[in-house]
Amino acid sequence: METLGVTATPYMTLLALSVVLLVFHVLLQGTLSTRELGREWNAGPRDEGLGPRDKFAGRAARASKNFQETYPAFVGLLLGVAFARDASGWGLIGGWIWLISRVVYIPLYMGGVPYIRSLVWTVSLIGLLAMTIALFR
């Protein structure tokens, strides 16, 4: 188990950074929604079914949802390659590709940039694919 701890260090760093990105998504979406709908809405049970109508709050919510769609796969693959002792290094490279792509995706989505945003999303999937391939090497 000691060897795994040494081997897993860059993977755990990547995992921790991904959690920071997750928290950033939640805070961005929450801040923009609260700015529009008010503190009472944020603190309340939100039974009314209200959602933000502001384009930036809506974009932040959609970007966060998009992130959450691939995040479980990223975490599972990252832990898998860490435990499998990713000898090829492609698991770690794929993880960084995914994370960097997801960071770049945020301002592209918030800015309403078409096509390039979709390309960056595709690159993030290539990162997940590299991680998957690393599990079989």
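How many aromatic pairs does a search of the whole structure find? Six. Let's work up to some of them, one exercise at a time.

Before you start, note that this is a predicted model, where local features need pLDDT of at least 70, side-chain atom pairs count only at pLDDT 80 or more, and totals for chains, interfaces and linings use all residues. Residues are numbered from 1 along each chain as its sequence is written, and side-chain values use heavy atoms, with hydrogens and water left out.

**Exercise 1: The overall layout**

Task: Work out how many helices and strands the protein chain has.

Solution. Step 1: get the rule straight. Helices (H or I, at least four residues) and strands (E, at least two) are DSSP runs, numbered from the N terminus.
Step 2: count. You get five helices and zero strands, so the pattern along the sequence reads α-α-α-α-α.
Step 3: look at the extent. Along the principal axes, the C-alpha atoms fill a box of roughly 50 × 35 × 20 Å.
Step 4: check burial. Buried means under 20% relative accessible area, exposed over 50%, and partly exposed in between (1.4 Å probe, protein chains only). Of the 137 residues, 35% count as buried.

**Exercise 2: Two aromatic pairs**

Task: Classify the ring pair made by Tyr-71 and Trp-98, then do the one made by Tyr-105 and Tyr-109.

Solution. Step 1: recall the cut-offs. Rings of Phe, Tyr and Trp (its six-membered ring) pair if their centres lie within 6.5 Å; planes under 30 degrees apart are stacked, over 60 edge-to-face, and the rest tilted.
Step 2: the search gives six such pairs. In one of them, Tyr-71 and Trp-98 sit 6.1 Å apart centre to centre with 25 degrees between the planes, which makes the pair stacked.
Step 3: place the rings. Tyr-71 is in helix H3 (residues 55–83) and Trp-98 in helix H4 (residues 90–110), 27 residues apart, and the pair links distant parts of the chain. Both Tyr-71 and Trp-98 are buried.
Step 4: Tyr-105 and Tyr-109 are 5.6 Å apart centre to centre, with 55 degrees between the planes, and this pair is tilted. These two tyrosines lie four residues apart in helix H4, so about one helical turn separates Tyr-105 from Tyr-109. Both are buried.
Step 5: widen the view. Phe-67, Tyr-71, Phe-74 and Trp-98 form one aromatic cluster.

**Exercise 3: Charges over rings**

Task: Find which arginine lies over the face of Tyr-105 and which one sits over the ring of Tyr-109.

Solution. Step 1: the test asks for NZ of Lys or CZ of Arg within 6 Å of the ring centre and within 35 degrees of the ring normal.
Step 2: Arg-102 lies over the face of Tyr-105, 4.5 Å from the ring centre.
Step 3: for Tyr-109, the charged end of Arg-117 is over the ring, 4.4 Å from its centre.

**Exercise 4: The core**

Task: Describe the largest nonpolar core and say which helix gives the largest share.

Solution. Step 1: a nonpolar core is a set of buried Ala, Val, Leu, Ile, Met, Phe, Trp, Tyr and Cys residues joined through side-chain atoms within 4.5 Å.
Step 2: the largest one has 21 residues, and those with the most contacts inside it are Phe-74, Leu-78, Trp-98, Leu-128 and Met-131.
Step 3: helix H1 (2–37), H3, H4 and helix H5 (116–135) each supply at least two residues of this core. H3 gives the largest share, with nine residues.

**Exercise 5: A salt bridge**

Task: Locate the salt bridge and say whether its two residues are buried or exposed.

Solution. Step 1: look for a side-chain nitrogen of Lys or Arg within 4 Å of a carboxyl oxygen of Asp or Glu. That rule gives one salt bridge.
Step 2: the side chains of Lys-65 and Glu-69 meet in it (3.4 Å, N to O).
Step 3: both lie in helix H3, four residues apart, about one turn of the helix. Both Lys-65 and Glu-69 are exposed.

**Exercise 6: Positive phi values**

Task: Place Arg-85 and Tyr-115 in the chain and give the phi of each.

Solution. Step 1: Arg-85 is in the loop between H3 and H4, with phi near 55 degrees, a positive value in a residue other than glycine. Arg-85 is partly exposed, at 42% relative accessible area.
Step 2: Tyr-115 is in the loop between H4 and H5. Its phi is near 65 degrees, a positive value in a non-glycine residue, and Tyr-115 is exposed, at 70%.
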